[in-house]
Amino acid sequence: MRTELHRQPARPLADVRNLGILAHVDAGKTTVTERILYLTGAVHKQGEVHDGTTVTDFDPQERDRGITIFAAAVSCSWDGHRINLLDTPGHVDFSDEVERSLRVLDGAIAVFDAVAGVEPQSESVWRQADRHGVPRIAFVNKLDRTGADLDTAVASIRDRLHTVALAVQLPIGTEDGFAGVVDLLRMRALVWADGAAAFEEGEVPEGLRDEALRRRRLLDEAVAELHPAALEEFCARSSLSEGTLRGALRDLTRTGEAVVVLCGSAYRNRGIEPLLEAVVAYLPSPLDVPPVRGTWGDAVQERAADPAAPFAALVFKVNSTATGRLAFLRVYSGTVRKGDSVWDAATRRQERIGRILRVQAGRHTDVDAAVAGDIVAVIGLKAARTGATLCAPSAPLVLEPPSAAAPVVSVAVEARRSTATERLVTALARIVEEDPSLTVRTDLETGQTVLSGMGELHLEVAVEKIRRAHGLEIGVGRPQVAYRETIARGVSQLVYRHVKQDGGAGQFAHVVLDVAPLEDGDGGEAGFAFRSTVVGGRVPQEYVRAVEAGCRDALAEGPLGGHPVTGVRVTLTDGATHSKDSSEMAFRTAGRFALREALRASAMVLLEPVAEVTVTVPDDAVGGVLGDLAARRGRVSGSAARAGTAVITATVPLAELFGYATRLRGRTQGRGTFTSRPTGYAPAPKPVDPGTPGR
């Protein structure tokens, strides 16, 4: 880590943009980020992914594997605006890293491959951005590739992402002859010479003028249909002025009603400058997004992006470095200076800000203060974890933390030498602190330490990080998936009576339960719904809550194989109490044992995680690949031909995908590729032996 001291003048909040780069793996996110940094003068030499020299892929594993694994923060300036960028991972195993980034962003650039269009992970990150209400613009990259087509890519955005995609550029040249774009708003041609980062502006080429006018007309009509002020001008003049069109595109982008689409080739430096202009023109500043909402007690509070307001910030990432814990913050309101004491609202303890750093991936610059709208890193926090709210002690507030997905793959890990066991425990605790999507537990039957994560690659990266950072030799068991159990047919009027008398006050609880499969209209959360239909006060309300808590305890282990139970609706229909011996503890115990007994009496189904797989193979290898997918219990849902290759979509059990990349390369002489994304759970066939990690 390299650190410099730098005093930056405060920038008006209207001139700040906090945005992320989102895409499927290999769509060109990191190259786009690298070209932005070069064009804005943040770096003076362009790095390349294939050389391992990019700014944001600074981790040794990222450079070895050629993919982005960890979200990297960088900052640059363009046209009087400060742009804080987060380059996010594109691989499905690291989607939780994207989730934490989106929680603190005001806008995003979605990058698409001009040949492939919308790919599986493109769709996943788009849906994540939808959930967070993050405005986006789209950049169709790699227009210089064979088979690249802007119109096809835009059509896939409309069809698969169900959004209004508004292309504001027309490519000049195709494939290897791609030389520039026509700006449809200004009706000017922007052409890049070979090797040049800056474009030359001129008249629209004669051969493209009619097509450019047609597309501008279609753009005017599409915007007028969505924007009232634009519609009024269009009806009066039959066209839109550049100013009206630009303002309408800004409004539609920020409300999420439409997505502006630009195009280029980041690798050849074509299209990046117009992309930066679009970032400034269309994506929101911290002032343009709604005030952040938080709670304290039962009260809901809002904090506007005002440097003079009480301080409030969210920790969205924690890294352990050679110099200590590095916590990444998004400051939502107020101002914080180095040396300030802040309040961790979740743990209710005070923390001290030792240093404040402006982050440039692996390099950091000391600054004196951070204000509302900033994304910075701080050193000095002792206990604050990812998702913690830091606030002024005099104005406490708890912000909603980023959600963490449930792990789906597990491996058993152990130190090769018994003397290194304690070091392994420490290393696992540190890596789980850095990445909340990883979990560590001890298997009660085998005594093994089990590391769980979002996929095979996720766990490989975590284990390799421990090996490199701590110099440990680690043994790793065979990967295992996370099974679930659910009810196919429940039971009614199950009576359970809990009576215990061993001297002193006894325990008494009598409950009657109906247990059934959870249906769509039942509500509930995490696959469980509970309600009480007891009348006449036969079971007091505090005991009803205790029964619910006991039922939740019972869901931790199902009767088939000790896996968590999901998809259950429990109804407390009757019960009885004792004047002296009934208590919340007794009813919680009764609820736990009653539901366990009910599950044993029910028809249970084992569920296994499944994934949607997209396989791209040469035409001559399709038969063998389809046969292999069938052998892996895959269900093919679609196929399409694309420039001498076939794209096959199938749903495959996650357990069957271990080692599939090697098998696919062997069947296609190294020409086949695949991507996958988890889609949920499906009934597992019988017989199945889910086993335990590492057995």
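Here are a few notes on a small sheet, a pair of helices and the salt bridges in this predicted model.

1. Start with the sheet. Three strands line up in the order β14-β13-β25, the pairing is antiparallel, and the sheet is open. The edge positions go to β14 (299-303) and β25 (398-399); each has a single partner strand, so one side of each has no neighbour in the sheet.

2. Now for how β13 and β25 are held together. As a reminder, strands of a sheet pair through backbone hydrogen bonds, parallel or antiparallel. Here β13 (residues 292-296) and β25 run antiparallel and are joined by two bridges. If you want a spot to click on, try T295, whose bridge partner in β25 is V398.

3. Next, have a look at helices α6 (residues 206-226) and α7 (residues 228-237). Their axes come within 6 Å and cross at roughly 125 degrees, which makes α6 oblique to α7. The crossing of α6 past α7 is left-handed.

4. Which residues make that contact? From α6 you have R217, D220, E221, V223, A224 and L226, and they meet P228, A230, L231 and F234 of α7. Sorted by class, the contact between α6 and α7 has seven nonpolar residues and three charged ones, with no polar residues.

5. Last, the salt bridges. Side chains of opposite charge can pair when their charged atoms come close. The structure has 41 salt bridges. In one salt bridge, the side chains of R215 and E211 meet at 2.7 Å, N to O. R215 and E211 are four residues apart in helix α6, so about one helical turn separates them.

How values were computed
Residues numbered from 1 in each chain as written. Predicted model: local features only at pLDDT ≥ 70, side-chain atom pairs only at ≥ 80, totals over all residues. Heavy atoms only, no water. Pairing = 2+ DSSP bridges. Axes fitted to C-alpha atoms, helices over the stretch in contact; angles between N-to-C directions. Parallel < 35°, antiparallel > 145°, perpendicular 65-115°, else oblique. Left-handed = near helix turned anticlockwise from the far one by under 90°. Contact = heavy atoms within 4.5 Å. Nonpolar A, V, L, I, M, F, W, Y, C, P; charged D, E, K, R; others polar. Salt bridge = Lys/Arg side-chain N within 4 Å of Asp/Glu carboxyl O.
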